[in-house]
Amino acid sequence: MLKKYNEWKESLPGVLATILDWVEIFVIAAAIALFMNNVIIANSQVPTGSMETTIEIGDRVIGSRLAYTFGEPKRGDIAIFKFGWKCNVCRYAMGEAPAPEICPYCGQKITHPQTVYYVKRVIGLPGDVIEIKADGTCAQTDIVSEARESVMLSGTDASRPLVTAAVYVNGERLTEDYLREPMLYTGDMRFEVPADSYFLMGDNRNNSLDARFWNNHYIAKEKMIARVLFRYWPGIKAVK
């Protein structure tokens with residue numbers, strides 16, 4: 001087959017043969033890119049500040065799909081995972097549940113729902129017990145003033161001092177030197193991570209709508225797509 005194809009190509013006029021050479025290059029390049037993006041790497045943009053300052057708003061990151069194809073997610077990994085879907089008409093993103101036939105926001109039929117990918121840090125592994133407890137009084141006034149306006153603490157009594165919190169995994173306090181600032185206490189929380197599932201949180205803990213607040217607190221293994229390796233836009237930076 002290949003021999004006949006080469007013979008046919010050699011019979012073409014010079015201009016057509018040159019054009020065909022370029023077409024072959026583009027087809028091969030496209031096939032390689034498709035293979036890389038679906039088997040080897042994952043390319044994702046971070047639209048919110050939930051991972052600041054590890055990853056900033058608008059950063060584009062590259063993740064390794066092979067890390068979770070041939071291995072298991074590890075505590076501390078920054079992971080790209082499937083979370084929900086986006087309406088192909090109004091582009092409104094919704095999480096957790098499968099896409100309905102009719103978009104509840106624009107009322108149009110959803111013909112091609114798009115998958116929504118999130119980027120968060122792996123905190124809990126299968127079988128872990130995750131607890132969040134009060135840890136002390138927050139004395140940093142800049143954190144306090146900003147936190148009062150955050151999604152997590154909006155509407156709280158401004159006269160009451162804010163309290164810091166810590167995460168405990170299986171009874172041991174987790175060291176989290178990647179946090180943007182001390183985590184603020186929003187109440188005692190306890191989560192038992194099911195088998196083949198993971199518990200993920202943002203590094204900008206005071207402004208991250210993460211697993212603590214989802215209806216389903218856990219991400220199944222099959223939805224874990226890749227481990228983030230580095231940021232490539234707006235500049236190359238290792239991410240850890």
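Eight aromatic pairs are counted in this predicted model. In one of them, the ring centres of F83 and W214 lie 4.7 Å apart and the planes meet at 50°; the pair is therefore classed as tilted, since angles under 30 degrees would count as stacked and those over 60 as edge-to-face. The contact joins distant parts of the chain, with the two positions 131 residues apart. F83 belongs to strand β3 (residues 78–86), whereas W214 is placed in the loop between β10 (197–201) and β11 (219–220). Both partners fall under the 20% limit for burial: F83 is buried with a relative accessible area of 9%, and W214 is buried with a value of 6%.

A tilted geometry is also found for F191 and F199, with 4.7 Å from centre to centre and 35° between the planes. F191 has a relative accessibility of 5% and therefore counts as buried. For F199 the relative accessible area is 0%, so this residue is likewise buried.

Beyond individual pairs, one aromatic cluster is formed by F81, F83, Y118 and W214. The cluster thus includes F83 and W214, the two residues of the tilted pair with a plane angle of 50°.

Positively charged side chains were examined in relation to aromatic faces as well. R121 is positioned over the face of Y178, at 3.8 Å from the ring centre. A lysine, K133, lies over the face of Y168, where the distance to the ring centre is 5.0 Å.

Methods
Residues numbered from 1 in each chain as written. Predicted model: local features only at pLDDT ≥ 70, side-chain atom pairs only at ≥ 80, totals over all residues. Heavy atoms only, no water. Phe/Tyr/Trp six-rings, centres within 6.5 Å; stacked < 30°, edge-to-face > 60°. Helix = DSSP H or I, 4+ residues; strand = E, 2+ residues; numbered from the N terminus. Buried < 20%, exposed > 50% of the residue type's maximum accessible area, 1.4 Å probe, protein only. Lys NZ or Arg CZ within 6 Å of the ring centre and 35° of its normal.
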